[in-house]
Amino acid sequence: MSRKKETFAHIDEPEICDSVNEEEFARLILRELEGYVYDGMTTREFCKLLKKNFGVAAKYCCDLIQRMKIELDMYCPDRQHLYFVRG
């Protein structure tokens with residue numbers, strides 16, 4: 001039986017081409033989230049969405065969700081479900 005040799009790619013010297021601050025990152029996410037965020041969405045679902053689609057580490061989800069609530073005009077009366085403020 002022959003063994004197949006596995007080859008792995010690796011990065012020797014990565015270069016950072018650009019970075020964004022927290023506010024710009026939040027705005028970029030807001031644009032992408034338009035079709036995903038809905039009235040009554042749980043904070044847990046929102047966190048999963050941020051992790052899956054944007055690679056946000058779990059420890060940063062709560063802070064980012066707080067900023068998103070402000071930017072999206074949402075509130076969280078029971079600390080679990082997000083609702084849009086109705087004008």
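User: Let's start with Cys-61: which element does it lie in?

Analyst: Cys-61 is part of helix 3. Helices are DSSP runs of H or I with at least four residues and strands are runs of E with at least two, numbered from the N terminus. You are looking at a predicted model, where local features need pLDDT of at least 70 and side-chain atom pairs count only at pLDDT 80 or more, while totals for chains, interfaces and linings use all residues. Residues are numbered from 1 along each chain as its sequence is written, and side-chain values use heavy atoms, with hydrogens and water left out.

User: Is Cys-61 buried or exposed?

Analyst: Start from the cut-offs: buried means under 20% relative accessible area, exposed over 50%, and partly exposed in between, with a 1.4 Å probe and protein chains only. Cys-61 has 1% relative accessibility, so it counts as buried.

User: And what is Cys-61 in contact with, beyond its sequence neighbours?

Analyst: Contact means heavy atoms within 4.5 Å. Setting aside neighbours within four places in sequence, Cys-61 touches Cys-47, Leu-50, Lys-51 and Val-56. You can also check a C-alpha distance: Thr-43 is 18 residues from Cys-61 in sequence and 9.2 Å from it in space.

User: Helix 3 also holds Arg-67. How does Arg-67 count by accessibility?

Analyst: Arg-67 comes out as partly exposed, because its relative accessibility is 24%. Outside the four-place window in sequence, its contacts are Glu-22, Glu-23 and Ala-26. The C-alpha atoms of Arg-67 and Glu-23 are 8.6 Å apart, with their positions 44 residues apart along the chain.

User: How should I read a pair of packed helices?

Analyst: Two numbers do the job: packed helices are described by the angle between their axes and the distance between the axes. The axes are lines fitted to C-alpha atoms, for helices over the stretch in contact, and angles run from 0 to 180 degrees between N-to-C directions. Here helix 1 (residues 22-33) and helix 2 (residues 43-54) have axes that come within 12 Å and cross at roughly 100 degrees.

User: What does that angle say about how helix 1 and helix 2 are oriented?

Analyst: Angles under 35 degrees count as roughly parallel, over 145 as roughly antiparallel, 65 to 115 as roughly perpendicular, and the rest as oblique. Helix 1 and helix 2 are therefore roughly perpendicular. From helix 1, Ile-29, Glu-32 and Leu-33 meet Phe-46, Leu-49, Leu-50 and Phe-54 of helix 2. Sorted by class, this contact has 6 nonpolar, no polar and 1 charged residues. The classes are Ala, Val, Leu, Ile, Met, Phe, Trp, Tyr, Cys and Pro as nonpolar, Asp, Glu, Lys and Arg as charged, and the others, Gly among them, as polar.

User: How many residues are in the largest nonpolar core?

Analyst: A nonpolar core is a set of buried Ala, Val, Leu, Ile, Met, Phe, Trp, Tyr and Cys residues joined through side-chain atoms within 4.5 Å. The largest one has 18 residues, and Ile-29, Leu-33, Val-37, Phe-46, Leu-50, Leu-64 and Met-68 have the most contacts inside it. Helix 1, helix 2 and helix 3 are the elements that each give two or more residues to this core. Follow Ile-29, for instance: beyond four places in sequence, its contacts are Leu-50, Phe-54, Leu-64 and Met-68.

User: Now the sheet, please. In what order do the strands come?

Analyst: As background, strands of a sheet pair through backbone hydrogen bonds, either parallel or antiparallel. Two strands pair if DSSP finds at least two bridges between them. Here 3 strands make an open sheet in the order 1-3-2, with antiparallel pairing. Strand 1 (41-42) and strand 2 are the edges with a single partner strand each, so one side of each has no neighbour in the sheet. Strand 1 is joined to strand 3 by 2 bridges, with Met-41 partnering Leu-82. Strand 2 also has 2 bridges to strand 3: Tyr-75 partners Tyr-83, and Met-74 partners Phe-84.

User: What lies between strand 2 and strand 3?

Analyst: The two strands form a hairpin with 5 residues between them, and Arg-79 in the turn has a positive phi of about 65 degrees. Arg-79 counts as exposed because its relative accessible area is 74%. Pro-77 sits in this loop too, and at 57% relative accessibility it is exposed. Asp-73, in the loop between helix 3 (58-71) and strand 2 (74-75), likewise has a positive phi, near 55 degrees.
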